[in-house]
Amino acid sequence: MDPILEQYQRLVERVRSYTPSAELERMERAFRYADAQHAGQLRKSGEPYIIHPLHVAMIVAELGMDMDSILAALLHDCIEDTGSTHEDIAKLFGPTVADIVEGVTKLTRMQYVTKEEEQMENLRKMLMAMSKDIRVILIKICDRLHNMRTLEYQSTKKQREKSLETMEIYAPIAHRLGMQRVKWELEDLSLRYLDPVGYDEIARELAAQSSVHEEFMRAVREKVERRLADEGITSKVYGRVKHIYSIYRKMYTQHKTISEIFDLYAFRVIVDDIPTCYNVLGCIHDMFNPVLGRFKDYISTPKPNGYQSLHTTVIGREGIPFEVQIRTQDMHQTAEYGIAAHWKYKRGLAGHLGSEETYEWVRRLLESQQDTDAEEFVSSLKVDLFADEVFVFTPQGDVKSLPAGACPIDFAYAIHSAVGNRMTGAKVNGRIVPLDTKLQNGDIVEIITAKNAHGPSRDWIKLCKSNEARNKIRQWFKKERREENIASGKVMLEAELRHMGITLSQVTAAENLPAILKKVGQGSFDDLCASIGYGGTTAVKAVARIREELGRIAKTQAVPPAAGPGVIYPGMAATAHPAAKAPKRTQSGITVEGLGNCMIKFAKCCAPVPGDPVIGFITRGYGVSVHRADCPNAQFDHTDPREAGRWVNVSWVEGEQESYRTALELIAADRDGLALDVASALSALKVRVSTLAARATDDGTALVSVEVEVKDRGELQQVINRLSQIHGVSTVKRVTG
Ligand code: MN
């Protein structure tokens, strides 16, 4: 008979034992389709390719899985290796089968680079997270098992690579899913290629002693069976030598020879119910001497992967220790097949799952789907063990775990805060993407940085998902705080000016400052200092320009020279500053009693706006400084003759100036997005904002300072009202001195 049909016949027999025959017709169609698609392709062994999917389907059938899984196993290499598409498969065999095949294809395409243990754990999680339907990973494991069984036809290099990957990724996943038997086989097959010498040594030794082992196991088995029968307990007793890799690991971690290995044998007693398990344990401890500290009750405390059994190690009369595992038939199914066992029980599912009080991890998987009926519930069983994480690669192949929904900003800060702070863009899988792109499992993410990047923007705090990124961005803003930059920049500027023999007042003098600012390309004196403070420009460069500009101004200035270095005496303001020199002065919206046009400056400490009662102070250098009447700085001492004469009455002239700059301070409970909410509230009011700075204090409150431009006191009140409504804001006040 044709070996392909022969293999197919074996599959039919296996599947028929647990599936209604109507389903077999679908399987036959899938087999014919896959066979036609793979026609002409050969495996490394020289066999027709279809032999591989047939064997994978057989392994899937041995796990007792449902028909969709078997179909997907037959078709699992069609998208990868033939012209089939998801659409083709969906049309012929339904969307579920197509989704599973596509899922398996994605896992097949993943590249693994050998990494340290922490990286491997992330890779395993990523693999599981990528398998949205748990059947995807189950079929991938079966695929890998068959590839490992036929690894002898591959090159030595391939053999080592595949074995390492199997040992580090697939065997642990099989373990995590509770599939003991598959796990053992994967481990033994891998070991054969990873350490052929060590493997052979153990295999040879076991083979040489096999009759001794057989004899020992037979004797123990019969003894136990007799005793349990006497007790009226129905049981099945099996003995086996432990699998090669588990012996290997013990020999190498405990530096022992095979003859020194403590428990080479494992016996399994399978009974009907849990109370009987404990009865059997009593009998075993009565018959043999238990080894202290070796009893483990995984029935009352199951392993995380759902495994349940009683374990004990005892020593018989011959002085040979052996392990005994006692469990029910149900527990045995779970131990052997793990999560796959659930497909075995498909028909009696509802009752079965309901009784599984201790099957915590599967319950977690199922929680989200409690309302759907049982049938649908299994077919849509999703792996959401790692639903809150997403796993992505660096261009070097390292895996980073990020919170689900993370974007390139999170990734950049996960690499290093310097990478985040210098980020100007990001590439995902080689393509430039927006910074708020949601990262998917398996994406390769690359961050584009520039030395002179502006640094993070405040929206990033809202876009990113990880606390790490948020904290690092906040840290940056804290560090980059404008006030501090201004202060430090001013110190540097003053030092450099002194060095060049220029006084600060020369620079800030009203007649010089606008031209100087233009020359250095800054909007205000504070901007200039801030820029020096954070290193946008240097004090040396700025002062060189200032010097140049001052020189130019001095040349163009009319003789006779000014009365003194930037000093204005009360009453002299009007003449000292001819109107022509500062045309904007008339637009200040302020008239000064007793003086004509004069230089008006609104005091920063209280930032008055039209409607505020105001008072003027004739300053040195700036003309008249206008304060709010209630400003602490305007509470002058009438008895002080030096000051009394400087205070003058001022008043507002309507419609002179469009807007006035003033400042507000908000106190709020610190939270994400606070500054953003403030900004958007202001923009909704169409208010111009010149600065907005938030800083958190240690006690969990945040201080937000904003500088806005408003028409008058009425508009300012609207702004205050609106800002007070922002969630978490407790106080909004105007600056006062
Ligand atoms: Mn395959």
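A residue counts as buried when its relative accessible area is under 20%. That cut-off is handy for reading this predicted model, in which buried residues make up 48% of the 737 residues in the protein. By the same yardstick His52 is buried, and Asp143 is buried too. Both turn up again at the metal site below.

As for the overall layout, the protein has 33 helices and 21 strands. Among contacts with a separation of 6 or more, 66% come from residues 24 or more positions apart.

The manganese ion is a good place to start. Its protein donors are His52 through NE2, His76 through NE2, Asp77 through OD and Asp143 through OD. These sit 2.2 to 2.5 Å from the ion. Along the chain, the donors follow the spacing H-x23-H-D-x65-D. His52 belongs to helix H3 (residues 51-62) and Asp143 to helix H9 (residues 134-149), so this pair ties together parts that are 91 residues apart in sequence.

Helix H3, which supplies His52, also packs on helix H4. For a pair of packed helices, the description comes down to the angle between the axes and the distance between them. The axes of H3 and H4 are 7 Å apart, at an angle of about 160 degrees. Angles over 145 degrees count as roughly antiparallel, which makes H3 roughly antiparallel to H4. The crossing is right-handed. On the H3 side, the residues involved are Pro53, Leu54, Val56, Ala57, Val60 and Ala61, and they meet Ser69, Ile70, Ala73 and Leu74 of H4. By class, that contact has 9 nonpolar residues and 1 polar residue, with no charged ones.

H4 (residues 67-74) has another partner in helix H7 (residues 95-109). Here the axes come within 9 Å and cross at roughly 50 degrees, which makes H4 oblique to H7. This crossing is right-handed as well. The H4 residues in the contact are Asp68, Leu71 and Ala72, and those from H7 are Thr96, Val97, Ile100 and Val101. They divide into 5 nonpolar, 1 polar and 1 charged. Going back to the two residue lists, H4 puts Ser69, Ile70, Ala73 and Leu74 against H3, while Asp68, Leu71 and Ala72 go to H7. In an α-helix there are 3.6 residues a turn, so residues three or four places apart point the same way.

Further along the chain, helix H14 (residues 244-253) has Ile244, Tyr245, Ser246, Ile247, Tyr248 and Met251 as its buried residues. Their cover includes helix H10 (156-176), helix H11 (180-194), helix H12 (196-208) and strand S1 (236-241). After H14 comes His255, with a positive phi near 50 degrees.

One of the helices covering H14, namely H11, contains Gln180. With a relative accessibility of 17%, Gln180 counts as buried. Leaving aside residues up to four places away in sequence, Gln180 touches Tyr307, Ala335 and Glu336.

Several loop residues deserve a look too. Ser457 lies in the loop between strand S11 (445-449) and helix H23 (459-463). It is partly exposed, at a relative accessible area of 26%. Setting aside residues up to four places away in sequence, Ser457 touches Ile473 and Phe477. Ser457 and Phe477 are 20 residues apart in sequence, with a C-alpha to C-alpha separation of 9.0 Å.

Two other loop residues have a positive phi without being glycine. For Asn429, phi is near 50 degrees, and the residue sits in the loop between strand S9 (423-428) and strand S10 (431-433). Asn429 is partly exposed, with a relative accessible area of 46%. For Ala607, phi is near 40 degrees, and its place is the loop between strand S13 (600-602) and strand S14 (614-619). Ala607 has a relative accessible area of 7% and is therefore buried.

Notes: Residues numbered from 1 in each chain as written. Predicted model: local features only at pLDDT ≥ 70, side-chain atom pairs only at ≥ 80, totals over all residues. Heavy atoms only, no water. Axes fitted to C-alpha atoms, helices over the stretch in contact; angles between N-to-C directions. Helix = DSSP H or I, 4+ residues; strand = E, 2+ residues; numbered from the N terminus. Parallel < 35°, antiparallel > 145°, perpendicular 65-115°, else oblique. Left-handed = near helix turned anticlockwise from the far one by under 90°. Contact = heavy atoms within 4.5 Å. Nonpolar A, V, L, I, M, F, W, Y, C, P; charged D, E, K, R; others polar. Donors = N, O, S within 2.8 Å, 3.2 Å for Na, K, Ca; no water. Buried < 20%, exposed > 50% of the residue type's maximum accessible area, 1.4 Å probe, protein only.
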